Amino acid sequence: MRHIISLLMENEAGALSRVAGLFSARGYNIESLTVAPTEDPSLSRMTIVTRGSEAIIEQITKQLNKLIDVVKLADITEGRHLERELMLIKVRADNPSRREEIKRLADIFHGRILDVSDETYIVELTGNGQKLDAFIDALGPGAILETVRSGTTGVARGERTLHV
């Protein structure tokens with residue numbers, strides 16, 4: 001089962017490496033990893049997407065909680081939450097009909113065209129992974145030149161927060 005684990009950690013050198021090392025040492029896979037400083041410059045928020053049985057996820061959270069850098073942790077998939085991913089995608093736009101099709105798809109998927117050249121467009125799209133995958137499928141074969149995805153980030157809905 002897919003889980004999104006959010007944690008607050010000390011914003012210090014080596015903290016990310018220790019978290020990644022924990023997963024690597026135990027043979028667990030990280031599907032997606034995002035990390036950035038929070039409103040408190042001494043803390044970073046990390047979002048990890050991984051898969052495993054309830055027992056494996058419980059083991060992962062226990063091991064993460066033992067790390068000195070981890071201040072607080074929550075599996076946000078246990079409740080209502082929002083998750084988003086950012087994608088920048090460079091597509092072939094070498095003729096008028098293809099340009100129109102890309103503009104139409106970008107509008108349908110609520111994307112934005114950020115860059116235009118004689119041969120390419122760069123489209124920005126945010127949403128859940130399924131939405132981004134659907135956009136890629138809609139473009140069809142041969143249209144995509146380059147894809148960059150940020151990985152999933154998320155937050156619990158309602159009053160539930162992750163703070164110290």
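**View 1. Helix α1 stretched across three strands.** Helix α1 lies across β1, β2 and β3, and β3 covers residues 43-51. Compared with β3, α1 runs at about 15 degrees. Keep in mind as you browse these views that this is a predicted model.

**View 2. The open sheet with β1 in it.** Here we have 4 strands in an open sheet, and the order goes β2-β3-β1-β4 with antiparallel pairing. Which strands sit at the edges? They are β2 (32-37) and β4 (70-75), each of which pairs on one side only. Going from one strand to the next, the twist averages 15 degrees. Zoom in on β1 (residues 2-10) and β4, and you'll find 5 bridges joining these antiparallel strands. One spot to look for is Ile5, whose bridge partner in β4 is Asp75. As a bit of background, strands in a sheet pair through backbone hydrogen bonds, either parallel or antiparallel.

**View 3. Where α1 meets α2.** Helix α1 spans residues 15-26 and helix α2 spans residues 54-66; the two pack at an angle of about 140 degrees, with their axes 10 Å apart. That angle is why α1 and α2 count as oblique to each other. The crossing of these two helices is right-handed. On the α1 side, the contact is made by Val19, Leu22, Phe23 and Arg26, and on the α2 side by Ile60, Gln63 and Leu64. Sort the residues of this contact by kind and you get 5 nonpolar, 1 polar and 1 charged.

**View 4. Thr61, tucked away in α2.** Stay with helix α2 for this one, since Thr61 has its place there. Is Thr61 buried or exposed? Its relative accessible area is 14%, so Thr61 is buried. Setting aside neighbours within four places in sequence, Thr61 is in contact with Ile5 and Leu73. Ile5 may ring a bell: its bridge partner in β4 is Asp75.

**View 5. Strand β5 and its partners.** Strand β5 takes in residues 81-92, and 4 bridges join β5 to the antiparallel strand β9 (residues 153-156). Look for His81 here, as its bridge partner in β9 is Ala156. With β7 (residues 120-127), β5 shares 8 bridges, and these two strands also run antiparallel. In this pair, Val91 has Tyr121 of β7 as its bridge partner. Then there's β8 (residues 144-149), which pairs with β5 in the antiparallel sense over 5 bridges. In β8, Thr147 is the bridge partner of Ile89.

**View 6. Leu125 and its neighbours.** Leu125 is found in strand β7. With a relative accessible area of 1%, Leu125 is buried. What does Leu125 touch, if you don't count residues up to four places away in sequence? The list is Glu85, Leu86, Met87, Phe109, His110, Gly111, Lys131, Leu132 and Phe135. For a sense of distance, try Glu159: it is 34 residues from Leu125 along the chain, and their C-alpha atoms are separated by 28 Å.

**View 7. His110 and its positive phi.** You've just met His110 as one of the residues that Leu125 touches. His110 lies in the loop between α3 (96-108) and β6 (112-116). What is special to look for is the backbone: His110 isn't a glycine, yet has a positive phi of about 60 degrees. Most residues other than glycine have a negative phi. Is His110 buried or exposed? Its relative accessibility is 64%, so His110 counts as exposed.

Key: Residues are numbered from 1 along each chain as its sequence is written. This is a predicted model: local features need pLDDT of at least 70, side-chain atom pairs count only at pLDDT 80 or more; totals for chains, interfaces and linings use all residues. Side-chain values use heavy atoms; hydrogens and water are left out. Axes are lines fitted to C-alpha atoms, for helices over the stretch in contact, and angles run from 0 to 180 degrees between N-to-C directions. Angles under 35 degrees count as roughly parallel, over 145 as roughly antiparallel, 65 to 115 as roughly perpendicular and the rest as oblique. A crossing is left-handed if the near helix is turned anticlockwise from the far one by less than a right angle, and right-handed if clockwise. Contact means heavy atoms within 4.5 Å. Ala, Val, Leu, Ile, Met, Phe, Trp, Tyr, Cys and Pro count as nonpolar, Asp, Glu, Lys and Arg as charged, and the others, Gly among them, as polar. Two strands pair if DSSP finds at least two bridges between them. Buried means under 20% relative accessible area, exposed over 50%, partly exposed in between (1.4 Å probe, protein chains only).
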